[in-house]
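Biologist: I am new to this structure and should be grateful for a close look at a single part of it. Please set that part in its surroundings afterwards.

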Amino acid sequence: MQTIRVGVSSGLESAPNNSTRQPTRKPIPAYPKNGLTYRDAGVDIDAGEALVEAIKPLAKSTARSGGAAGLGGFGALFDPKAAGFTDPILVATTDGVGTKLKVAIESGRHDGVGIDLVAMCVNDLVVQGAEPLFFLDYFATGKLDVAAGTAIVAGIAEGCRQAGCALVGGETAEMPGMYAKGDYDLAGFAVGAAERGRLLPSEDVLVGDVILGLASTGVHSNGYSLVRRIVERTGLDYARPAPFDPARGLGEALLAPTRIYVKSCLAAVKAGTIKALAHITGGGLIENIPRVLPDGVVADLDATAWTLPPVFVWLAKEGGVAAFEMARTFNCGIGMVAVVSPDRAAEAVRILSEHGETVFTIGHIRARVEGEAQSQVRGQERWG
């Protein structure tokens, strides 16, 4: 905050005859002629303050043990011991929502992308066996729309509640000239913790282990550059009924929020049933599963073990996208993969199902022939 002074007391000195000298500098005018304001430059401080007031109760609703959620300070504190940890290892992630935001902007639907933002970060935490503790967001736009901003942060708060983490702060940046009218971008940052010695993946992923697939809610938050190109090719408007889901508009259907797998997966992890988890994001089933496997094994997936959701059938058909390209671009209906030992598979399925997941047994771990890909999807021809 700038303080405008109308007099300069430091310019006064005492004279021997107790008289005072005139100020050595002229007073700074309170309102210079033709002076500019921050609003004239395109930044509306009042709108920013209105957004902060609107989202304060949203942040407060995410409070959890270890730290109070809220806004207004310069930094946020968190006490892992108060959250129940004895010897924690911290895990940090960051991500965004990508060009799914363009679909949200063109559809005028902003409430779900906040959930996406949280999901992309906290799902990456849980694959390492970490419990999400707190979250921060960065929201940048050319011209602040308080209603849209509130909807976005409401989604972020909902995502934090689903994940059990506190929304402890964030940044709203209004940057005229940096973004086209109506455009904005989001970035998220999450920190979680796991007790020392309990991080995933474990070192005992073995040949014969079972691979479970947890159903996705749709496209989630990856591959939208291709999605948007396919929509452009069809000539469909986002307000029109979705060909693969006529009860919803195309925009609404494509904006289905990313599923947050934290509580279900943590329950299975704490029960000792999980050896490894893989969040299926950019790179799809082909690129993500190898990130949690030792070198000498392959994830052998059977595409006939689950039904390809209608949105992916439509994307493949309208875009002429080959099956392999689908599998290395999209989640294809499987948003999270778990590797479990055969004797704990039934227990893992039970726990995950009791926490609301739809679980498929989609493959197994086998020995790797030198040089072959570490994730392979058989039976994709049945997807057509």
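With which residue does E372 form a salt bridge, and how far apart are the closest N and O atoms?

Modeller: The model is a predicted one. In it, E372 forms a salt bridge with R366, and the closest N and O atoms of the two are 3.0 Å apart. E372 has a relative accessible area of 17% and is buried, because buried means under 20%. R366, at 21% relative accessibility, counts as partly exposed. The two residues also belong to a network of salt bridges that links D300, R366, E372 and R378.

The sheet around this network deserves a description. Six strands make up an open sheet of mixed pairing, in the order β8-β10-β5-β11-β9-β12. Its edges are formed by β8 (276–279) and β12 (375–378), each of which pairs on one side only. On average, neighbouring strands in this sheet are turned by 25 degrees against each other, direction ignored. At one of these edges, β12 pairs with strand β9 (residues 297–302) in the parallel sense, over four bridges. Within that pairing, A299 stands opposite S375 in β12. Helix α11 (residues 345–354) lies across β5, β10 (334–340) and β11 (359–367), and runs at about 10 degrees to β5.

Other salt bridges offer a comparison, for the structure holds 18 of them. One joins the side chains of R196 and D87, at 2.8 Å from N to O. R196 lies in the loop between β4 and β5 (210–215), and D87 in the loop between α1 (45–60) and β1, so this pair ties together parts that are 109 residues apart in sequence. R196 counts as exposed, at 51% relative accessibility, whereas D87, at 36%, counts as partly exposed. Another salt bridge brings together the side chains of K100 and D116, at 3.1 Å from N to O. This pair links distant parts of the chain, with K100 in helix α2 and D116 in helix α3 (residues 113–126), 16 residues apart. Both K100 and D116 are buried.

A further sheet is open as well, with four strands in the order β1-β4-β2-β3 and mixed pairing. Here β1 (88–96) and β3 (166–174) are the edge strands, each pairing on one side only. The average turn between neighbouring strands of this sheet is 15 degrees, direction ignored. Strand β2 (residues 131–141) and strand β4 (residues 184–195) run antiparallel and are joined by ten bridges. P132 stands opposite G192 in β4.

Helix α5 (residues 224–234) completes the account. Its residues Y224, V227, I230 and V231 are buried. Viewed down the axis of α5, the buried residues fall within an arc of 115 degrees, so they line one face of the helix. The face turned away from the buried side of α5 carries the exposed residues R229, E232 and R233. Among the elements that cover the buried residues of α5 are α2 (100–107), α6 (250–254) and α9 (310–319). Just after α5, G235 takes a positive phi of about 80 degrees.

To return to the request, the partner of E372 is R366, and both are part of the network that includes D300 and R378.

Technical notes:
Residues numbered from 1 in each chain as written. Predicted model: local features only at pLDDT ≥ 70, side-chain atom pairs only at ≥ 80, totals over all residues. Heavy atoms only, no water. Pairing = 2+ DSSP bridges. Helix = DSSP H or I, 4+ residues; strand = E, 2+ residues; numbered from the N terminus. Axes fitted to C-alpha atoms, helices over the stretch in contact; angles between N-to-C directions. Buried < 20%, exposed > 50% of the residue type's maximum accessible area, 1.4 Å probe, protein only. Arc of directions from axis to C-beta. Contact = heavy atoms within 4.5 Å. Salt bridge = Lys/Arg side-chain N within 4 Å of Asp/Glu carboxyl O.
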